Amino acid sequence: MLTPHSLQGRCNHIVAEWPGSSGGYYAIQNSDSVSDQAAGQLTIGWVASDEDEEASMERHSVQADGSYAVIQANTQEVSFFTDQFGSRTLWYYMDDEMLVVSTSQRAIVRFKGAFAPNQAATGWFLSSGCQGPFAAWDEKIVQVKPGLEYVLDVSQWQIDGRPKPGIALPQSGKESSQNYLDQFESQVIDTIKKIVGSHEAGEVLLPLSGGLDSRLLLALSREAGVASNVELVNWGIEQRDTVFDDKRAAQRIADTYRKPLLDRFLPTQGGDYDDVLDRFVEASEGRIDHFNAYTDGFSMWDEFYRSGFRCALRGDIPFPTAIYADQLSARQQLGFATFEDYANTRHFSALFDQRSASLDVALLPGETLVQWRDRLYASYRIPMVVSAFTDLVSGHVENYSPMMSWSLFKAYVALPDHAKGDKKHIRTLWRKHDHSGVPSHAEGSLASPVSFFQNTTGRRFMNDYLTTLRQSQRFPTPVLDMASAPSEENDQQTPTRSAKLLRTGRSWVSRHLPRSLKAYLKAKRPYRLSPQTLAYRLVLVDKILNMYEADAKQGAVQRPNAQGTAHLAQGKS
């Protein structure tokens with residue numbers, strides 16, 4: 001069910017009885033990068049540890065660096081946890097007869113054969129484009145929080161969430177900048193060596209853009225001596241020759257180091273809109289609304305898998321650049337805006353209950369804005385949004401983020417505030433290692449989700465879909481009325497000379513304004529949710545709910561006829 005359509009029959013799958021546990025079972029889709037289960041532990045993702053393989057199986061691995069989810073089981077207990085950022089998501093469901101733990105909400109809904117829609121998730125998705133803080137689409141499914149290890153006592157049939165050791169963050173100012181730079185450089189190089197060294201030549205992709213993170217990864221892979229085993233790739237839309245975007249920056253960087261670049265282009269408008277959005281919903285399971293990087297229906301990722309690629313080396317890092325001026329700007333930049341946060345949708349707050357998924361973003365006593373930003377990014381942004389991108393393509397390739405390290409993050413938090421802003425450590429190391437001479441201010445090469453529908457075919461699709469939603473009465477009429485408002489955008493409008501100058505001026509001001517002043521000015525500007533954004537989110541939510549309802553129906557039909565499932569349900573496994 002979870003395997004991408006084009007890869008069915010190509011991936012290695014495992015379905016087996018859990019070793020040493022009566023009535024327990026496990027199933028793995030695309031099992032190439034999942035560890036051996038012989039020792040009673042299932043490690044999904046990757047663990048960066050200096051310990052030997054046997055020691056890494058011990059329980060103290062809850063503190064290890066890496067991006068992983070771990071499930072352990074024996075006859076007495078079952079325990080499960082994620083890495084300290086929650087960058088690999090786990091969900092669980094438990095009733096009087098069974099416990100199901102999975103990286104997939106769909107798998108759990110299908111297995112229990114029922115779907116209990118979570119209205120809070122609908123509200124959060126429409127207002128912010130994600131499920132909300134630790135909310136599942138099924139109200140009976142629980143998302144595993146990164147600060148806890150969950151333990152099921154089989155004899156008592158009770159789950160206890162235990163705080164993980166080593167989660168507390170140090171005080172600011174206890175780490176020197178030079179010590180941190182040395183630690184960061186050495187640790188990331190060592191991690192890159194281990195990751196690339198564990199794969200065959202031609203299996204590792206490095207998505208390259210004009211930004212600092214991926215360029216530093218490429219530079220450090222050269223320092224590690226493994227750059228020859230890493231293939232570079234860039235994707236996005238084709239823009240005008242005069243635009244210096246991520247694609248042009250990536251090509252110039254690749255040319256400098258005489259490395260080939262897989263230059264892939266995404267469509268700027270849909271062919272079969274239903275097919276593109278359905279594939280995105282199936283792969284994302286409704287985690288986020290950022291479908292604009294997948295408008296080819298995942299054909300690019302299918303091609304990568306067929307070409308032998310098995311992992312992507314990504315530059316996602318937990319060290320943000322934004323500054324939050326107040327709680328509203330924090331929610332906006334984290335990606336958790338409620339309807340009350342927008343000046344034009346506050347009246348929608350009575351239509352959706354967004355309180356069941358709590359989001360505590362209050363500034364703690366004595367906490368500076370920089371410290372507040374870092375804590376919220378690690379506590380909410382990574383497990384809610386960044387993790388969704390990892391899950392999106394995990395059916396095709398495994399994702400590795402060498403800079404996403406809890407030990408490095410704790411050392412980073414201990415830096416003085418003045419040493420943290422604007423990715424200073426990334427920028428410093430980039431200047432040391434990147435000798436391409438290519439500027440770092442390239443424009444993004446992805447089109448916005450809204451622009452995907454700004455053509456005759458796209459508008460017709462959206463209007464027809466909204467008409468269907470009115471007939472279904474799934475969503476409140478005021479919300480549909482706002483989403484149906486005419487667009488003020490013109491199709492494929494060519495920017496005027498004054499518009500180009502204005503955009504250039506804004507870009508220059510944005511780069512040169514003091515960050516605290518820029519944050520203050522942005523916070524004073526009223527936030528508004530565009531009707532076009534609300535419209536495509538309504539379409540996505542409808543498809544998400546339809547998908548889970550269909551999964552539940554198929555699971556209800558298949559479950560009584562599945563011998564293994566029936567045995568599992570009878571035995572509290």
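At what angle do the axes of helix 9 and helix 10 cross? In this predicted model, the axes of helix 9, which covers residues 327-334, and helix 10, which covers residues 369-393, cross at roughly 35° and come within 10 Å. Two packed helices are described by the angle between their axes together with the distance between those axes. The handedness can be added to this description, for the crossing of helix 9 and helix 10 is right-handed.

From helix 9, the residues that make the contact are Gln 327, Ala 330, Gln 333 and Leu 334, while helix 10 contributes Trp 372, Leu 376, Tyr 377, Arg 381 and Val 385. When the residues of this contact are sorted by character, 6 are nonpolar, 2 are polar and 1 is charged.

Helix 9 itself can be followed from one end to the other. At its N-terminal end, Asp 326 acts as a cap, with a side-chain oxygen that lies 3.3 Å from the backbone nitrogen of Leu 328. Within helix 9, the residues Ser 329, Ala 330, Arg 331 and Leu 334 are buried. Two of these names, Ala 330 and Leu 334, also appear in the contact with helix 10. After helix 9 comes Gly 335, which has a positive phi, near 95°.

A positive phi also occurs at Phe 134 and at Trp 157, and neither Phe 134 nor Trp 157 is a glycine. The table sets out the values and the places of these two residues.

| Residue | Phi | Place in the chain |
|---|---|---|
| Phe 134 | about 55° | loop between helix 3 (119-128) and strand 8 (142-143) |
| Trp 157 | about 55° | loop between strand 9 (148-153) and strand 10 (158-163) |

Is Trp 157 buried or exposed? Trp 157 counts as buried because its relative accessibility is 10%, and the cut-off for a buried residue is under 20%.

These details belong to a chain with 18 helices and 15 strands. Of its 573 residues, 52% count as buried, and the chain exposes about 25400 Å², of which carbon and sulfur atoms supply 48%. Contacts can also be sorted by how far apart the partners stand in the sequence: among the contacts in the chain with a separation of 6 or more, 73% are between residues 24 or more positions apart.

Note on methods: Residues numbered from 1 in each chain as written. Predicted model: local features only at pLDDT ≥ 70, side-chain atom pairs only at ≥ 80, totals over all residues. Heavy atoms only, no water. Helix = DSSP H or I, 4+ residues; strand = E, 2+ residues; numbered from the N terminus. Buried < 20%, exposed > 50% of the residue type's maximum accessible area, 1.4 Å probe, protein only. Contact = heavy atoms within 4.5 Å. Areas by Shrake-Rupley, 256 points an atom, 1.4 Å probe, with all protein chains shown as cover. Axes fitted to C-alpha atoms, helices over the stretch in contact; angles between N-to-C directions. Left-handed = near helix turned anticlockwise from the far one by under 90°. Nonpolar A, V, L, I, M, F, W, Y, C, P; charged D, E, K, R; others polar. Polar contact = N/O pair within 3.5 Å; in protein donor to acceptor, adjacent residues only side chain to side chain.
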